[in-house]
Amino acid sequence: MAATSGDTPFIWQDREIRFDVPLSALELRKGEQMVDSIDSVEDTKGNNGEQGCLCITNLRIIWSATKYPKTNLSIGYNVLRSRNARTASA
């Protein structure tokens with residue numbers, strides 16, 4: 001049985017990268033705390049020039065577009081912590 005976002009028994013927020021999640025998924029979950037936020041952070045990749053807000057919590061980093069909040073990104077803390085760098089040959 002697949003769990004929906006309302007009754008998810010596990011914490012996905014610190015383990016995954018998710019794009020364009022529903023606004024309800026951007027709300028802080030129980031135990032998640034806002035550490036800092038930075039306004040006027042520009043997206044220079046997917047939506048070049050789009051201004052947004054970067055929020056840092058104890059579980060993840062969230063970027064959300066100011067004009068269209070449905071354009072957003074959530075990057076879990078453990079994703080950043082367990083990253084791997086590889087050398088690629090051309």
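Here is a short walk through the fold of this chain, with most of the time spent on its sheet.

**The chain as a whole**

Keep in mind that this is a predicted model. The chain carries two helices and five strands, and going from the N terminus the elements come in the order β-α-β-β-β-β-α. If you boxed up the C-alpha atoms along the principal axes, you'd need roughly 40 × 35 × 25 Å. Of the 90 residues in the chain, 28% are buried. The accessible surface adds up to about 6,900 Å², and carbon and sulfur atoms own 52% of that. As for charge, there are 11 positive and 11 negative side chains, with the centres of the two sets 7 Å apart. Looking at contacts with a separation of 6 or more, 40% of them link residues 24 or more positions apart.

**The sheet**

The five strands make an open sheet in the order 1-5-4-3-2, with antiparallel pairing. Strand 1 and strand 2 sit at the edges with a single partner strand each, so each has one side without a neighbour in the sheet. On average, neighbouring strands here are turned by 15 degrees against each other, ignoring direction. What holds such strands side by side is backbone hydrogen bonding, in either a parallel or an antiparallel arrangement.

Here are three of the pairings, with their bridge counts:

| Strand | Partner | Sense | Bridges |
|---|---|---|---|
| Strand 1 (residues 17-19) | Strand 5 | antiparallel | three |
| Strand 4 (residues 60-65) | Strand 5 | antiparallel | five |
| Strand 2 | Strand 3 (residues 50-57) | antiparallel | seven |

**Strand 5 and its two partners**

Which residues make up strand 5, and how many of them are buried? Strand 5 covers residues 72-76, and four of its five residues are buried, so to speak mostly covered. On the strand 1 side, Phe19 stands opposite Leu73 of strand 5. On the strand 4 side, Arg60 faces Gly76 of strand 5. Strand 4 and strand 5 also form a hairpin, with six residues between them.

**The other edge**

Over at strand 2, which spans 34-43, the partner is strand 3, joined to it over seven bridges. One spot to look for in this pairing is Ile38, whose bridge partner in strand 3 is Leu54. When you trace side chains along these strands, remember that in a regular strand they alternate between the two faces of the sheet.

Key: Residues are numbered from 1 along each chain as its sequence is written. This is a predicted model: local features need pLDDT of at least 70, side-chain atom pairs count only at pLDDT 80 or more; totals for chains, interfaces and linings use all residues. Side-chain values use heavy atoms; hydrogens and water are left out. Buried means under 20% relative accessible area, exposed over 50%, partly exposed in between (1.4 Å probe, protein chains only). Two strands pair if DSSP finds at least two bridges between them. Axes are lines fitted to C-alpha atoms, for helices over the stretch in contact, and angles run from 0 to 180 degrees between N-to-C directions. Contact means heavy atoms within 4.5 Å. Accessible areas come from the Shrake-Rupley method with a 1.4 Å probe; for residues, only the protein chains shown count as cover. Lys and Arg count as positive and Asp and Glu as negative; His and the chain ends are not counted. The place of a charge is taken as NZ of Lys, CZ of Arg, CG of Asp or CD of Glu.
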